[in-house]
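Reader: I should like to understand how the strands of this protein are arranged. Please take me through the sheets and what packs on them.

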Amino acid sequence: MLVSEIDMITPSSLSECLMQLSEEGRIHRLIAGGTDAAVRMKEGKWRPEIWINIKNLNELRYIKESEDCIQIGPLTTHTDIIHSPLLQRKADVLVDAAKEIGATQMQNMGTIGGNIGTASPAGDTLPALYVLGAMLELSSMSKKRILPIEEFILGPGKTVLKENEMITKILIKPQKPNEIGIFQKLGPRKAQSISIVNVAISLTMDQDLKCREGKIAFGSVAPTIIRARKCESMLPLGTLNDELIRNIAKIAWKEVMPITDGRATATYRRDMASALLERGLYRLIRRWNNQ
């Protein structure tokens, strides 16, 4: 292992990294792309005794399909996701979300595992992962466990990850041929903006514009990403026409739970959540009709 003058260790393998995490008595923090770490350090946060640099663990950077799921390594970058033919075909909502993450440099450096581990309510890949039914593999030296992403994130910056664990795999359900998805985001400025509101939508469609089932997840409107269950229950009620889409959007206004902060008021976030959902549903319908 290499140790730098800023107390950074660079393990050469996953097993070596897990061994380092298992050592007691020191506060560790993993770093890969460093896009979030740089911000937190400037804020005076994230001051571990030692950083563990995992950027070069290529065994954790992959996108592949197994029999019933798509597996993504936590060090897969947002650029990897954007350019993956597999994800473009079978997880379009995640590709949409990755395209909205910062400027090109951030997409090249930032990783999906980092976006998950940071557990920000504004994390752009998170709503997409929620509607794709993402499961996370967490590993330590002694064992592995798999749990839904909804159980992993507890609040802003808070997860169930133990000090001796790390995310080693993300598993998502591939979209069916009649399933389409979209990610919508509102930020204060283009390219490097933190979401004021974001939403991921996934619809399983019939040929007559009826939705068999759908999933909707909002970000930046609650302490964690939230599934809009009431809105989802309305999707299969009939043809997705103007009236039904407007009614679903109205329910979204009531279902989200935003706060007022320096970027937006709670009322504005409610309005924008409703508007983004309505716009996203219309765009999905147009896309379905043009197939």
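Author: The questions below concern two sheets of this predicted model.

Reader: In what order do the strands of the five-stranded open sheet run?

Author: The pairing in this sheet is antiparallel. The strands β5 (63-65) and β8 (144-148) each have a single partner strand, so they stand at the edges. Read from one edge to the other, the order is β5-β6-β11-β7-β8.

Reader: Which residue of β11 is the bridge partner of I70?

Author: Strand β6 (residues 70-72) and strand β11 (residues 166-172) run antiparallel and are joined by three bridges. In β11, the bridge partner of I70 is I172.

Reader: Which helix packs on this sheet by touching β7 and β11?

Author: The helix in question spans residues 14-22 and touches β7 (135-139) as well as β11. Its direction makes about 125° with that of β11. This is helix α1.

Reader: Which strands are at the edges of the four-stranded open sheet?

Author: This sheet has the order β12-β13-β14-β15, with antiparallel pairing. Two of its strands, at residues 179-186 and 226-227, pair on one side only. The edge strands are therefore β12 and β15, because a strand with no neighbour on one side closes the order there.

Reader: What angle does helix α5 make with β12?

Author: Strand β12 pairs with β13 (residues 197-205) in the antiparallel sense over eight bridges, and I182 has I201 as its bridge partner in β13. Helix α5 (residues 92-99) packs on the sheet and touches both β12 and β13. The direction of α5 makes an angle with that of β12 of about 20°.

Conventions
Residues are numbered from 1 along each chain as its sequence is written. This is a predicted model: local features need pLDDT of at least 70, side-chain atom pairs count only at pLDDT 80 or more; totals for chains, interfaces and linings use all residues. Side-chain values use heavy atoms; hydrogens and water are left out. Two strands pair if DSSP finds at least two bridges between them. Contact means heavy atoms within 4.5 Å. Axes are lines fitted to C-alpha atoms, for helices over the stretch in contact, and angles run from 0 to 180 degrees between N-to-C directions.
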